Amino acid sequence: METSERGAGAAATRDARPADGRSGPAPTGPGAGGPVRTGRARAGVPLRVTVALAALTVVVGGTALALKAAHQDPYVAPGDPVTGTYVASRSAGDRAAAAVLAGPYRESPGPRVVAVRRTGDAPAPLPASRPLAASAAAPSPPVGALFSPGDDGAAGHYCTASVVHSPAGNLVATAAHCVHDGGFRTRLVFAPGLHDGIAPYGLWVPTRVYVDPRWISDRDPDHDVAFLRVRRHGGTDQRIEDVTGAERMRFDAPPGRPAQLTGYPSDRDAPVGCRHTADAEGPGQLRFPCAGFPAGTSGGPMLTDLDPVTGTGSLIGLIGGQDGGGDDNTSYSSRFGADVAALYRRATRG
């Protein structure tokens with residue numbers, strides 16, 4: 001699944017989940033829609049010639065794509081690929097928030113969130129959704145939509161993110177493919193609790209973005225996780241966790257746990273959700289079989305141990321990973337093991 005913030009009207013295609021629900025990028029070039037014929041499939045062409053032509057094609061094509069990306073996408077930066085870190089500029093964040101507010105969105109104070117710390121045994125799991133499909137869900141203050149606006153008037157959201165607990169109270173989690181696609185996105189805006197064009201808990205922009213370097217080097221689906229340290233646009237000193245509350249991080253959760261998956265489709269300003277179990281899909285992935293998570297839901301939180309009072313829970317995954325996050329019927333997540341725990345610790349240290 002690729003993401004893009006290029007061109008007018010890109011909001012519907014920015015998320016790695018295509019609007020038609022099919023996973024993976026659309027085929028391009030000769031023979032689009034059918035099998036790609038390369039190497040030995042080219043009848044009558046000696047292998048050494050095929051290899052030489054392929055190498056030339058990669059060099060020329062790669063150069064052309066790089067030039068095209070540089071021309072079309074001014075809002076991508078290399079950051080530090082060795083550490084997987086990008087330091088965002090204050091002016092870029094405030095301009096991005098202003099671009100969102102210049103569209104159909106506005107800030108309007110929502111109900112105050114009172115943190116309630118649960119004690120004792122974990123609450124009983126909620127029953128699985130029936131039918132097993134995503135349906136409209138009430139907005140949750142820590143969960144919101146992620147924007148990447150340009151200067152072309154396209155300010156739609158394209159991914160989902162959630163506030164997670166951290167010592168500094170300023171951390172947001174989403175999928176790596178939502179923030180790094182050929183480079184770090186330099187214009188990101190998070191609107192927690194978004195509904196009906198209203199950002200009830202303000203707009204927040206990153207100060208730093210963290211991904212695993214293995215995502216940068218080869219888009220390893222087992223590392224499709226990112227953390228953003230955020231601030232409220234306009235220079236206030238508020239902590240997002242104090243405003244919205246936060247999900248708890250949980251690492252090495254056993255598979256098969258009842259969980260709730262939530263995401264913001266790119267064509268609506270309200271979330272959808274589904275309850276089922278988060279099952280193992282090999283050593284590095286979780287599998288959540290529930291239909292109805294379209295474009296825009298990538299990065300959406302997979303929560304277990306939901307608190308019936310606050311609606312918050314333990315984050316054990318998020319939409320991303322295998323097959324770019326899934327298809328019409330199944331969503332995936334990178335497993336939250338030692339590598340994601342290390343990334344989280346790095347993000348909390350700053």
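## A tour, stop by stop

Select E281 to begin: this residue is partly exposed, with a relative accessible area of 27%. Here buried means under 20% relative accessible area, exposed means over 50%, and partly exposed covers what lies in between (1.4 Å probe, protein chains only). You're looking at a predicted model, in which local features need pLDDT of at least 70 and side-chain atom pairs count only at pLDDT 80 or more, while totals for chains, interfaces and linings use all residues. Residues are numbered from 1 along each chain as its sequence is written, and side-chain values use heavy atoms, with hydrogens and water left out.

**Stop one: the partner of E281**

Add R287 to the selection. Its side chain meets that of E281 in a salt bridge, 4.0 Å from N to O. The term covers a side-chain nitrogen of Lys or Arg within 4 Å of a carboxyl oxygen of Asp or Glu. Like E281, R287 counts as partly exposed, because its relative accessibility is 29%. For a linked set, pick D212, R214 and D339: salt bridges with shared partners join these residues into one network.

**Stop two: β16 and β19**

Now colour residues 285-289, which make up strand β16, and look for β19 alongside: the two run antiparallel and 5 bridges join them. Strands pair when DSSP finds at least two bridges between them. The strands themselves are DSSP runs of E with at least two residues, helices are runs of H or I with at least four, and both are numbered from the N terminus. To get your bearings on the pairing, label P289 and T330; P289 stands opposite T330 in β19.

Next, show the side chains of residues 330-334. How many of the residues in β19 are buried? The count is 5 of 5, so to speak a full house. T330, Y332 and S334 sit on one side, with S331 and S333 on the other, and both faces are covered.

**Stop three: the disulfides**

Show the cysteine sulfurs as spheres. A disulfide is a covalent bond between the sulfur atoms of two cysteines; the cut-off used here is a pair of cysteine sulfur atoms within 2.5 Å. The structure holds 2 disulfides.

Go to C274 and C290, whose sulfur atoms are 2.0 Å apart. The torsion about their S-S bond is about 100°, so this disulfide is right-handed. C274 lies in strand β15 (residues 272-280) and C290 in the loop between β16 and β17 (301-304), so the link ties together parts that are 16 residues apart in sequence. C274 is buried at a relative accessible area of 2%, and C290 is buried at 1%.

Then jump to C159 and C178, with 2.1 Å from S to S. Measure the dihedral in your viewer: at -80° about the S-S bond, the link of C159 and C178 is left-handed. It connects distant parts of the chain, C159 in strand β6 (residues 157-164) and C178 in helix α4 (residues 176-179), 19 residues apart. C159 counts as buried because its relative accessibility is 0%, and C178 is buried at 0% too. Number the bonded cysteines in sequence order and the pairing reads 1-2, 3-4.

**Stop four: two more salt bridges**

The structure holds 10 salt bridges. One of them joins the side chains of D94 and R231, at 3.2 Å from N to O. That pair links distant parts of the chain: D94 in helix α3 (residues 90-101) and R231 in strand β12 (residues 226-232), 137 residues apart. Is R231 buried or exposed? R231 is buried, at 9% relative accessibility, whereas D94 is partly exposed at 25%.

Select D305 and R250 next; their side chains meet in a salt bridge at 3.3 Å, N to O. D305 lies in the loop between β17 and β18 (314-318) and R250 in the loop between β13 (248-249) and β14 (257-263), so the pair ties together parts 55 residues apart in sequence. D305 is buried at 15% relative accessible area, and R250 is partly exposed at 27%.

**Last stop: zoom out**

Show everything. The protein has 7 helices and 19 strands, and buried residues make up 49% of its 350 residues. Of the contacts (heavy atoms within 4.5 Å) with a separation of 6 or more, residues 24 or more positions apart account for 73%. Switch on the surface to finish: the protein exposes about 15700 Å², with carbon and sulfur atoms supplying 56% of it. Accessible areas come from the Shrake-Rupley method with a 1.4 Å probe, and for residues only the protein chains shown count as cover.
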